[in-house]
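Q: I have a fold open in my viewer and I'd like to learn how to read it. Could you walk me through it, one feature at a time?

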Amino acid sequence: MTIWVNEQIDPSGMIYACIACCNESQAKDCHESFQQNLTENQKSTGWVAQLRTVNSWDEVPVNALKLD
């Protein structure tokens, strides 16, 4: 099973927001939203929106909003 994990990460590497789901289209829409919601100031200081895949819910950060 592929699980898509969207994360907004601050300059120190801390996960600020995280949403995980099994639907690729939904995940890509969420990633685009995460990117658009970062201000230019945040981007210039090192904030990033990251989309990655994992194979198990055990690999998803515990603070994630998990959507089936």
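Q: Let's begin with charges. Which residue forms a salt bridge with Arg52, and how far apart are the closest N and O atoms?
A: Keep in mind that this is a predicted model. The general idea: side chains of opposite charge can pair when their charged atoms come close. Here the partner of Arg52 is Glu7, with the closest N and O atoms 3.0 Å apart. The pair ties together distant parts of the chain, since Arg52 sits in strand β3 and Glu7 in strand β1, 45 residues apart.

Q: Are these two buried or exposed?
A: For this you look at relative accessible area, where under 20% means buried and over 50% means exposed. Glu7 has 2% relative accessibility, so the residue counts as buried. Arg52 comes out at 27%, which means partly exposed.

Q: How many salt bridges are there by this rule?
A: The count is three. Besides the Arg52 case, Glu24 pairs with Lys28, their closest N and O atoms being 2.8 Å apart. Then there is Lys43 with Glu40, at 3.7 Å from N to O.

Q: Why are Glu24 and Lys28 separated by about one helical turn?
A: Check the spacing along the helix. Glu24 and Lys28 are four residues apart in helix α1, so about one helical turn lies between them. Both are partly exposed, Glu24 with a relative accessible area of 37% and Lys28 with 43%.

Q: What about the spacing of Lys43 and Glu40?
A: Those two are three residues apart in helix α2 (residues 40–45), so again the separation is about one helical turn. Glu40 is exposed, with a relative accessible area of 60%, while Lys43 is partly exposed at 41%.

Q: On to the sheet. In what order do the strands come?
A: To read a sheet, walk across it from one edge to the other and note how each neighbour runs. Here four strands make an open sheet in the order β3-β1-β2-β4, with mixed pairing. At the edges are β3 (48–54) and β4 (65–67), each of which pairs on one side only. On average, neighbouring strands of this sheet are turned by 15 degrees against each other, direction ignored.

Q: How many bridges join β1 to β2, and do these strands run parallel or antiparallel?
A: Strands β1 (residues 3–9) and β2 (residues 15–21) run antiparallel and are joined by six bridges. To get the register, look up individual partners: Trp4 is bridged to Cys21 in β2, and Asn6 to Ile19 in β2. In the hairpin of β1 and β2 there are five residues between the strands, and Gly13 has a positive phi near 95 degrees.

Q: In which sense do β2 and β4 pair?
A: That pairing is parallel, over three bridges. For a landmark in your viewer, find Ala20, which stands opposite Lys66 in β4.

Q: Where does helix α1 lie relative to the strands?
A: Ask which strands the helix touches, then compare axes. Helix α1 (residues 24–37) lies across β1, β2, β3 and β4, and runs at about 5 degrees to β1.

Q: What span should α1 have, and what do its end C-alpha atoms give?
A: Use a rise of 1.5 Å a residue: the 14 residues of α1 should span 20 Å, and the end C-alpha atoms are 20 Å apart, which agrees.

Q: Which residues of α1 are buried?
A: Ala27, Cys30, His31 and Phe34 are buried in α1. They cover an arc of only 105 degrees around the axis, so they lie on the same side of α1. The cover over the buried residues of α1 includes β1, β2 and β3. On the face of α1 turned away from its buried side you'll find the exposed residues Asp29 and Gln36.

Q: One last stop, a loop. Where does Asn55 lie?
A: Asn55 is in the loop between β3 and β4. With 58% relative accessibility, Asn55 counts as exposed. Leaving aside its neighbours within four places in sequence, Asn55 is in contact with Met1 and Ile3. Sequence separation and distance are worth reading together: Asn55 and Thr39 are 16 residues apart in sequence and 31 Å apart in space, C-alpha to C-alpha.

Conventions. Residues are numbered from 1 along each chain as its sequence is written. This is a predicted model: local features need pLDDT of at least 70, side-chain atom pairs count only at pLDDT 80 or more; totals for chains, interfaces and linings use all residues. Side-chain values use heavy atoms; hydrogens and water are left out. Two strands pair if DSSP finds at least two bridges between them. Axes are lines fitted to C-alpha atoms, for helices over the stretch in contact, and angles run from 0 to 180 degrees between N-to-C directions. Contact means heavy atoms within 4.5 Å. A salt bridge is a side-chain nitrogen of Lys or Arg within 4 Å of a carboxyl oxygen of Asp or Glu. Buried means under 20% relative accessible area, exposed over 50%, partly exposed in between (1.4 Å probe, protein chains only). The expected span of a helix is 1.5 Å times one less than its number of residues. The arc is that of the directions from the helix axis to the C-beta atoms.
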